[in-house]
Amino acid sequence: MTSHHPNAAFEGPDLLQAFRSVRAHSRALAGPLSAEDQCIQSMPDASPTKWHLAHTTWFFEAVLLDHHAPGYQALDRRFHYLFNSYYEALGPRHPRPHRGLLTRPSLEEVMAYRAHVDAAVEALLASADEETLARIEPVLTLGLNHEQQHQELLLTDILHAFSCNPLLPAYRAPSAPSLRLAAGMPALNWLSHAGGLAAIGHEGAGFAFDNEGPRHAVLLQPFAMADRLVTCGEYAQFIAEGGYAQARWWLSDGWAAVQSQGWQHPAYWLPPDDPRLALSGHHGTAGWHVFGLEGVRPMDPAAPVAQLSFYEAAAYSEWAGARLPTEAEWEVAATTLPGFTQAEGAVWQWTRSSYDPYPGFKPLPGVAAEYNGKFMVGQLVLRGGSVATPAGHARPTYRNFFPPAARWQFSGLRLAKDL
């Protein structure tokens, strides 16, 4: 998992080292990409790499430096308009679907912007007394976790952009042979939970986003949870048995998406007759192939299936005679049931829970109040963490969320059923 970096949990007093580590990791993720790669926006829901690098810098400038660093001088105040994402309290912004049109400022200027803000943050940390440090530490920690979220988005967004290129270029060189010849299908085991009252949500020490709390009681009916994720081989069987051609497995909106978008398989799967296989050096090879960060590779039947929408995850669950777990079931199973594997590090896992506030939810104070709460409508919760999630960033209480049709993320599924 190349998105690992040290000090991801930001525990202990050395905020300066944590800041340097996270900022350096973003630069390293952008390292394999050309200036042309970093400017492209392949769809309205994705952002260019260059924009991610600038926006995370803007966050430290607008939320930390402008409020806590006396005498701070911005490199270019026009950047506040270009790189604000959705913070109404911080002023107007460039339209999200048009971020790929920002050929100026250049990549070189964006990197100079990062260096300017980095120097100012380091100077603030060096000069801060204990009272100031206590005041800015939560803001800085939020900024670091915010940048980690964009590190993951940087990878998912550039992968989508590369998927639109007929050459299907690899983001990075393969780290292992492209086919594990001895790989077998791991058996699926069901882990049972008796139900009853349980507590979910973050509490105690350590960072958490505001949407992870407050911790509260939930009443669970008896359920069983799969000990592992659904694999590519299992999902291929769903396709082979006409899963995308039978409306009975699909929610109404999902079936409409299948019809209107022409879905026949996960987003980055290539059937043997796909002409892009020849362009990517896989001409004449049989079977499914999958496009990922390491380019086109033969499908590994034992690997977790990825790039699924909620609709596809729900349809597979129905076909398999099971269902998707609720987010409460997922969290309780992940934290209490022995044998629960692949909690993170593979794919985000769709749940059947809508992204709503927990009882007693209160957003963060100040500008950060816009961080999560205003998105709590029309989205579904995903749990876990993916191959693109920075190490230490995910935790059992983490609530990721996307619209049900989103399928460019590293999103898969784990089955559940009633007992």
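**Exercise 1. Is Glu329 buried or exposed, judged by its relative accessibility?**

*Worked solution.* Keep in mind as you work that this is a predicted model. Start by placing the residue: Glu329 belongs to helix α11, which spans residues 327–336. Next, take its relative accessibility, which is 7%. The cut-off for buried is under 20%, so Glu329 counts as buried. Finally, look at the surroundings. With neighbours within four places in sequence left aside, the contacts of Glu329 are Leu220, Phe223, Met225, Arg323 and Ala416.

**Exercise 2. Find the buried residues of helix α8 and work out how they are arranged around the axis.**

*Worked solution.* Begin with the helix itself, residues 252–261, where Gly254, Ala257 and Val258 are buried. These residues cover an arc of only 100 degrees around the axis, so they sit on the same side of α8. Now turn to the face pointing away from that buried side: here you will find the exposed residues Ser252, Asp253, Gln259 and Ser260. What do the buried residues of α8 pack against? Their packing partner is α10. To finish, step past the end of the helix: Gly262 follows α8 and has a positive phi, near 70 degrees.

**Exercise 3. Describe how helices α7 and α10 pack, first by geometry and then by residues.**

*Worked solution.* A pair of packed helices is described by the angle between their axes and the distance between the axes. For α7 (residues 232–240) and α10 (residues 310–319), the axes come within 11 Å and cross at roughly 80 degrees. Angles of 65 to 115 degrees count as roughly perpendicular, and α7 and α10 are therefore roughly perpendicular to each other. Now list the residues that meet: α7 contributes Glu234, Tyr235, Gln237 and Phe238, while α10 contributes Glu312, Ala315, Tyr316 and Trp319. Sorting the residues of this contact gives five nonpolar, one polar and two charged.

**Exercise 4. Rebuild the three-stranded sheet from its strand pairs.**

*Worked solution.* Take the pairs in turn. Strand β5 (residues 269–270) runs antiparallel to strand β6 (residues 289–292), and two bridges join them. In this pair, Trp269 has Val290 as its bridge partner in β6, and Leu270 has His289.

Move on to β6 and strand β7 (residues 295–298), an antiparallel pair with four bridges. One of the bridge partners here is Val296 in β7, matched with Phe291. How many residues make up the hairpin link from β6 to β7? The hairpin joins these strands through two residues.

Putting the pairs together gives an open sheet in the order β5-β6-β7 with antiparallel pairing. β5 and β7 are the edge strands, since each pairs on one side only.

**Exercise 5. Which strands lie at the edges of the four-stranded sheet?**

*Worked solution.* Write down the strand order first: β10-β9-β8-β11, an open sheet with mixed pairing. Then look for strands that pair on one side only; these are β10 (400–402) and β11 (411–412), the edge strands. Now zoom in on one pair within the sheet. Strand β8 (residues 348–354) and strand β9 (residues 380–384) run antiparallel and are joined by four bridges. As a landmark to check on the model, Gln349 has Arg383 in β9 as its bridge partner.

Notes:
Residues numbered from 1 in each chain as written. Predicted model: local features only at pLDDT ≥ 70, side-chain atom pairs only at ≥ 80, totals over all residues. Heavy atoms only, no water. Axes fitted to C-alpha atoms, helices over the stretch in contact; angles between N-to-C directions. Parallel < 35°, antiparallel > 145°, perpendicular 65-115°, else oblique. Contact = heavy atoms within 4.5 Å. Nonpolar A, V, L, I, M, F, W, Y, C, P; charged D, E, K, R; others polar. Pairing = 2+ DSSP bridges. Buried < 20%, exposed > 50% of the residue type's maximum accessible area, 1.4 Å probe, protein only. Arc of directions from axis to C-beta.
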